[in-house]
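This briefing covers helix packing, nonpolar cores and backbone geometry. Please keep the sequence and the 3D view open while reading.

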Amino acid sequence: MKKLGVIGGLGPMATAYFMQLVIDMTRAEVDQQHIEMLIHSKPQIPDRTTYILDHTKESPLEPMIEVGLGLKNAGADVIAIPCVTAHYFQNELEKAISLPVIHTIEETAKYLKEESISRAGIMATDGTVTSKLFQTTLSRYGIETVIPDAANQAKVMHIIYDNVKAGRPIDRSAVFEVQSFLKNAGAEVILLGCTELSMIKRDLKMADGLLDVMEVLARTAVRTCGELKESYQHLLTE
């Protein structure tokens, strides 16, 4: 069984929920059948979106590499990062750490392709949207993307930073307004493309056609390091 290293704290709640997802998804009848996880939660790593939008700000890359190398030295075989925006640094991280880093966005594209999805709406940070992480990857799989207009993107950032990261209740009206915009723009599926947004699916009753990208990450981690429960083969809400 491979050991899973987790670069965590980006943010802390997302890291805790990721660990819970891995445990829930693992086929295990006794403690010893669960995946060994080495988790370093370091909330002090600079904000990824802030740096992507303004490269004069402090970069999160070196602190992430430092954590990743620590996990490698502790015995990790593969790395997971419960932060979608951090995948902006995917290539640099893999090169510096010399371990495979699960590419959450690539795995999401593969899953959508398997489900015959041709048009996906994106709920993600400004950093993820601006850097076109989803748009570029999904395009390679023949999947079109829909992103919120400026007003609705501001609502997404409000949910991420003013609600989840700040430890406040999720603004339900903002969630449904953004989702309505994306559905009306032709999205067959809406991606919760920020790990903070995973709390939406966890805490609210959601409509059909929703995919939590952190569930994709957790499922890939379980498949890589352990055995997946049959009930988690399908992740889209119905």
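The points below are grouped by topic.

The model is predicted. Its largest nonpolar core has 62 residues, and a second, separate core has 20 residues. Three helix pairs are described: α8 with α9, α3 with α4, and α5 with α11.

**Nonpolar cores**

- In soluble globular proteins, nonpolar side chains tend to be buried together.
- Within the largest nonpolar core, of 62 residues, Leu4, Phe18 and Leu191 have the most contacts.
- Helix α11, residues 213-225, gives the most to this core, with 8 residues.
- A second, separate core of 20 residues includes Ile7, Leu38, Ile45 and Leu71.
- Setting aside neighbours within four places in sequence, Leu4 is in contact with Phe18, Ile35, Glu36, Met37, Leu38, Val78, Ala80, Ala221 and Cys225.
- The contacts of Leu4 thus include Phe18, itself among the residues with the most contacts inside the largest core, and Leu38, which belongs to the second core.

**Helices α8 and α9**

- Helix α8 (residues 150-164) packs on helix α9 (residues 172-184) at an angle of about 140°, and their axes are 9 Å apart.
- That angle makes α8 oblique to α9, since only angles over 145 degrees count as roughly antiparallel.
- The crossing of these two helices, α8 and α9, is left-handed.
- On the α8 side the contact is made by Asn152, Lys155, Val156, His158 and Ile159, and on the α9 side by Ala174, Val175, Glu177, Val178 and Phe181.
- Sorted by class, the contact of α8 with α9 has 6 nonpolar, 2 polar and 2 charged residues.

**Helices α3 and α4**

- The axes of helix α3 (residues 61-73) and α4 come within 9 Å, crossing at roughly 40°.
- The two helices, α3 and α4, are therefore oblique to each other, as angles under 35 degrees would count as roughly parallel.
- Their crossing, that of α3 and α4, is right-handed.
- From α3, the residues Leu61, Met64, Ile65, Gly68, Leu69 and Lys72 meet Glu92, Leu93, Ala96 and Ile97 from α4.
- By class, this contact of α3 with α4 has 7 nonpolar, 1 polar and 2 charged residues.

**Helices α5 and α11**

- Helices α5 and α11 pack with axes 9 Å apart, at an angle of about 95°.
- They are therefore roughly perpendicular to each other, the range for that class being 65 to 115 degrees.
- Thr104, Glu107, Thr108, Tyr111 and Glu114 of α5 make the contact with Val213, Val216, Leu217, Arg219 and Thr220 of α11.
- The contact of α5 with α11 has 4 nonpolar, 3 polar and 3 charged residues by class.

**Backbone geometry**

- Leu10 and Gly11 are joined by a cis peptide bond, with omega about 5°.
- Gly11 is found in the loop between β1 (4-8) and α1 (12-25).
- Although Ser98 is not a glycine, its phi is positive, at about 60°.
- Ser98 lies in the loop between α4 (90-97) and α5 (104-114), and is partly exposed, with a relative accessible area of 48%.
- Ser116, also not a glycine, has a positive phi of about 60°.
- The loop between α5 and β4 (119-123) holds Ser116, which is exposed, with a relative accessible area of 60%.

Conventions. Residues are numbered from 1 along each chain as its sequence is written. This is a predicted model: local features need pLDDT of at least 70, side-chain atom pairs count only at pLDDT 80 or more; totals for chains, interfaces and linings use all residues. Side-chain values use heavy atoms; hydrogens and water are left out. Axes are lines fitted to C-alpha atoms, for helices over the stretch in contact, and angles run from 0 to 180 degrees between N-to-C directions. Helices (H or I, at least four residues) and strands (E, at least two) are DSSP runs, numbered from the N terminus. A crossing is left-handed if the near helix is turned anticlockwise from the far one by less than a right angle, and right-handed if clockwise. Contact means heavy atoms within 4.5 Å. Ala, Val, Leu, Ile, Met, Phe, Trp, Tyr, Cys and Pro count as nonpolar, Asp, Glu, Lys and Arg as charged, and the others, Gly among them, as polar. A nonpolar core is a set of buried Ala, Val, Leu, Ile, Met, Phe, Trp, Tyr and Cys residues joined through side-chain atoms within 4.5 Å. Buried means under 20% relative accessible area, exposed over 50%, partly exposed in between (1.4 Å probe, protein chains only).
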